[in-house]
Amino acid sequence: MEPAALLALYERMALIRRTEKAAHDLFLQGLVKGTTHLAAGHEAIAVGASAALRDDDYVFATYRGHHHAMARGATPEECLAELMSRATGLCGAKGGSMHLTKAATNMLGSYAIVGAHLPMAVGAAWSAKLRGTGQLAVAFFGDGATNIGAFHEALNLAAVWKLPVLFVCENNLYMEYTPIADVTAVPRPAADRAPAYGIPGEVVDGNDAVSVQETVARLARRARAGDGPALLEAETYRHFGHSRSDPATYRPAEEVERWLKHDPLDIARGRLVEAGVPEERVTEADERARSVVQEAVDAAKNAPPPDPREAFTDVWADGGAAWRT
Amino acid sequence: MADVITYREAVAEGIAREMRRDPSVVCLGEDIGAAGGVFKTTAGLHKEFGSERVWDTPISEQAIVGAAMGAAMTGMRPVAEIMFSDFLACCWDYLANEIPKVRYMTGGQVTVPLVVRTANGGGLGFGAQHSQATENWALTVPGLKIAAPATPADVIGMMAAAIRSDDPVVFFEHKGLLATKGPPPPPDHVVDLGRAAVVREGADVTLVALASMVPVALTAAERLAQEGIGVEVVDLRSLVPLDMATVLASLGRTSRLVTVEENPYQGGWGATLVSVVADEGFGLLDAPVRRVTGECVPLPFADALEEQVIPTVDKVVAAVRSLAAY
């Protein structure tokens, strides 16, 4: 990867990490209600994959989806404002943390019913095939989703119809609080299921953005060429608990320590050193990310709440909510 | 076109008309292609439009409706078939949590112009898992439009409206009506969703019915006319939008209301309709309201049992008589 591209990748990851940290802090200050599922630790999957995609490709994510929204063009300000129930939020504060969506860049949503969006990605890929656009659809999901029916229905249909869709599992070893290994019949919850559907199943270091980029680029080329879907299992680890209320005490200390040493940002910094990028360029990128997120926090704090009338808009395509005459 | 068309043929004709005028309309479902559907409601579509627009799927209700949603969000107008409406439960996540909410929860960023068609209702001895009238399931979820036509012409006109709608529509085709016949409608016939029809005028009692209960109501009205009771029959045609204006206007003439619902009494659509009448039309009423509904038991298999559970003409006649005498 070109040094400039590598640096851009790093900066985007740093931006996501700082936004997630800000979301965490804002929650503790009582400025974010409900819940959040932070993606700190998962940045390389979103950013690495995104670097391998076309701008018009479709992305579908889960309730742990802040990193995907930001990897596909949502700003930290739009995301934080959404979390903080502000009118300027990505979804006008009608979605919240679990439903970040930026349709303008074909980031078609974050879904909070486990596995539900895999068939949607299949449908978007089917649509791309019917319209002959060469677009790809990518569904990102957690390891827990590999045990739900929609995962299996989606893989089979995508394979049978040979659709341009990639299924990317972010395997962070835990389905919520329970080790995925305790509830799954095969060692690799995603990749080991691929043979049943006659599609490639690969495993990649999900904390190395460059490896993710290269693997997704290869699988994307194949899918665009008409060779059908693929399943990628990206190994990673959450830096926070499952959700806001979870301190993640069920994870062994040595496991946490091992994974924190395998931090996607550290790995990317190592790549930058290898590529000969001067340290001050990296420091500047960090500083830009810090200042963008600080400005985002300030802007979101100062933004107005949604107009109460917005509760009654956008049920229907005409903008309204009328259900009767 | 022939002088008459069956309800069954009208389904395929309604879809075909839209597929001819709009290349973004595509169909998917189990056995809908060369087989023409288990109810033959897609007969001829595969032959006319080919495999590029009529897609056979595996038995995967979640994948069918989920894929329809993804396609609808990206420029297509998919028409998905769920073979029996009982099977909507297999993909209920999409109808309860995904399709009706995605526009709202994204602040209006996406549109979901899709139709989920399904064979609905009982009276044919299919037993507890293939006979339910499930329109009321969909009625519990804000964000879904609900169509349930009673005649071949309405099937075509409402199919046009449903497919052209930028909102998701669940389209209930009644199994008990598939063999019924009626005049074919003219080209470009569109029946807007949310427009009930007064299908028989009468001065004494209003019967509000849906789908297969419309002919039951009309037969009851005919019998009651011989007793000198004038019955007005309103075919609701769709549950969302719900045409309360037509119902309230009819009550302004008759002052008496009976709903005829195939779904169980508990949670049936009539309960919602009657609550609006109680709220906004109380002054119009000269008698209590009656709901003739399915019984609150699973649908049994034997004819002798099923006819105990599904509303019959006799039950409707008895309900109207009791009100007319009030």
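**Exercise 1. Determine the secondary-structure content and overall dimensions of each chain.**

Solution. Chain A has ten helices and eight strands, whereas chain B has twelve helices and 14 strands. Helices (H or I, at least four residues) and strands (E, at least two) are DSSP runs, numbered from the N terminus. The model is predicted: local features need pLDDT of at least 70 and side-chain atom pairs count only at pLDDT 80 or more, while totals for chains, interfaces and linings use all residues. Residues are numbered from 1 along each chain as its sequence is written, and chains are lettered from A and ligands numbered from 1 in the order in which they are written.

Next, consider the dimensions. The C-alpha trace of chain A spans about 65 × 50 × 40 Å along its principal axes; that of chain B spans about 60 × 45 × 40 Å. For the 325 residues of chain A, a compact globule would have a radius of gyration near 20 Å, and the value of 19 Å agrees. The radius is taken over C-alpha atoms, and the globule rule is 2.2 Å times the number of residues to the power 0.38. Chain B, with 326 residues, also has 19 Å, in agreement with the expected value near 20 Å.

Finally, consider burial. In chain A, 56% of the 325 residues count as buried; in chain B, 60% of the 326 residues do. A residue is buried if 20 or more other C-beta atoms lie within 10 Å of its own, exposed if 12 or fewer, and partly exposed in between, with C-beta atoms placed from the backbone.

**Exercise 2. Describe the open sheet of chain B and the helices that lie across it.**

Solution. Begin with the strand order, which is β9-β11-β10-β13-β14 (chain B), with mixed pairing. Two strands pair if DSSP finds at least two bridges between them. Because β9 (197-200) and β14 (290-294) of chain B each have a single partner strand, they stand at the edges, and one side of each is left without a neighbour in the sheet. The twist averages 25° from one strand to the next.

Now examine one pair. Strand β13 (residues 257-264) of chain B is joined to β14(B) by four bridges, and the two run parallel. B:Val258 has B:Arg290 in β14(B) as its bridge partner.

Then add the helices. Helix α8 (residues 213-225) of chain B lies across β9, β10, β11 and β13 of chain B, at about 170° to β11(B). Helix α10 (residues 269-280) of chain B lies across β10, β13 and β14 of chain B, at about 155° to β13(B). Axes are lines fitted to C-alpha atoms, for helices over the stretch in contact, and angles run from 0 to 180 degrees between N-to-C directions. Contact requires C-beta atoms, placed from the backbone, within 7 Å.

**Exercise 3. Classify B:Gln266 as buried or exposed.**

Solution. First locate B:Gln266, which is found in the loop between β13 and α10 of chain B. B:Gln266 has 11 C-beta neighbours inside 10 Å and therefore counts as exposed. B:Gln266 and B:Val297 are 31 residues apart in sequence and 10.0 Å apart in space, C-alpha to C-alpha.

**Exercise 4. Characterise the side of chain B that touches chain A.**

Solution. The contact takes 40 residues from chain B and 41 residues from chain A. On the chain B side, α3 (61-72), α4 (92-98), α5 (102-105) and α9 (244-254) each supply at least two residues. The largest share, eight residues, comes from α3(B).

How values were computed
Two residues are in contact if their C-beta atoms, placed from the backbone, lie within 7 Å.
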